Amino acid sequence: MEGHTNLACSAVFSPSGNRLASASYDKTVRLWDTSTGEQCGVLEDHSSNVNSTVFSPNGKLVASASKDKTVRLWDASTGKQCRVLEGHTDNICSAVFSPNGKLLASASYDETVRLWDTSTGKQCRVLKGHTSCVNSAVFSPDGKLVAPASFDNTVRLWDTSTEKQGGVLEGHTG
């Protein structure tokens, strides 16, 4: 699977496994047919590096997180851009869908995690507490908690419906 013109830094399978999305510093996400290896779409509208990409749990959406401070939602079948999620003030490292696909969490160098309503594109919550870049986040299987990991050597737990921080997991030294 060749086609990116710069560093490819993230790849993810669709829930069905028949497609793969790859994110690149060439400012694109490329969609690939996993049975043939052929490129079947290029998602392009970011103005800087695309750091990560992810399919929604139902496979209908693709999210891309970028250094341009946006997360973009794309229709996975047509490649058409559906929404631009704006609010971060620095590089966005990653994005992840909740298990039911209704929320998306984005992790940023601005030391926050933002939760977004995927149907409207509206920001629901801003989770603050980290003291350095937030590199990634993951939802609990029931979607009630989100756990971001930060360059401050911690993982913090937040309730997705209240913004209440549930704990700080410490112990990493780098």
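Which residues does Arg156 touch, not counting residues up to four places away in sequence? I looked this up first. The model is predicted, and I read each entry below with that in mind.

**Entry: Arg156**

I find that Arg156 touches Gly129, His130, Val146, Ala147, Pro148, Gln165, Gly167 and Val168, with residues up to four places away in sequence not counted. Arg156 lies in strand 15, residues 155-159. I asked whether Arg156 is buried or exposed. Its relative accessible area is 12%, and the cut-off for buried is under 20%, so Arg156 counts as buried. I also noted a polar contact between the side chain of Arg156 and the side chain of Thr154, at 3.5 Å.

**Entry: Asn153 and Glu111**

I then went to the loop between strand 14 (145-150) and strand 15, where Asn153 is found. Asn153 is not a glycine, yet its phi is positive, at about 70 degrees. I have Asn153 down as partly exposed, with a relative accessible area of 24%.

Glu111 is another residue other than glycine with a positive phi, near 75 degrees. I located Glu111 in the loop between strand 10 and strand 11. Its relative accessible area is 31%, so I list Glu111 as partly exposed.

**Entry: strands 11 and 12**

I followed the chain into strand 11 (residues 112-117), which runs antiparallel to strand 12 (residues 123-128) and is joined to it by five bridges. Thr112 stands opposite Lys128 in strand 12. The two strands form a hairpin with five residues between them. In that turn I noted Gly121, with a positive phi of about 80 degrees.

**Entry: nonpolar cores**

Which residues make up the largest nonpolar core? I list 12: Val96, Leu103, Ala105, Ala107, Val113, Leu115, Leu127, Val134, Ala137, Phe139, Val146 and Trp158. At least two residues of this core come from each of strand 10 (103-108), strand 11 and strand 13 (134-139). Nonpolar side chains tend to be buried together in soluble globular proteins.

I picked Val113 from this core for a closer look. Leaving aside neighbours within four places in sequence, Val113 is in contact with Ala105, Ser106, Ala107, Arg125, Val126, Leu127, Val134 and Pro148. Another core, of 11 residues, lies apart from the largest one. I noted Ala65, Ala95, Phe97 and Trp116 among its members.

**Entry: sheet with strands 1 to 4**

I looked up an open sheet of four strands, in the order 1-2-3-4, with antiparallel pairing. Strand 1 (8-13) and strand 4 (39-44) stand at the edges and have a single partner strand each, so one side of each is left without a neighbour in the sheet. Neighbouring strands are turned against each other by 20 degrees on average, direction ignored. I counted strand 1 and strand 2 (residues 19-24) as an antiparallel pair over five bridges. Ala8 stands opposite Ser24 in strand 2.

**Entry: sheet with strands 5 to 8**

I also looked up an open sheet of four strands with the order 5-6-7-8, again paired antiparallel. Which strands stand at its edges? I find strand 5 (50-55) and strand 8 (81-86) there, each with a single partner strand, so each has one side without a neighbour in the sheet. From one strand to the next the twist averages 20 degrees. Strand 7 (residues 70-75) runs antiparallel to strand 8, and five bridges join them. I noted Glu86 in strand 8 as the bridge partner of Thr70.

How values were computed: Residues numbered from 1 in each chain as written. Heavy atoms only, no water. Pairing = 2+ DSSP bridges. Axes fitted to C-alpha atoms, helices over the stretch in contact; angles between N-to-C directions. Buried < 20%, exposed > 50% of the residue type's maximum accessible area, 1.4 Å probe, protein only. Polar contact = N/O pair within 3.5 Å; in protein donor to acceptor, adjacent residues only side chain to side chain. Contact = heavy atoms within 4.5 Å. Core = buried A, V, L, I, M, F, W, Y, C linked by side-chain atoms within 4.5 Å.
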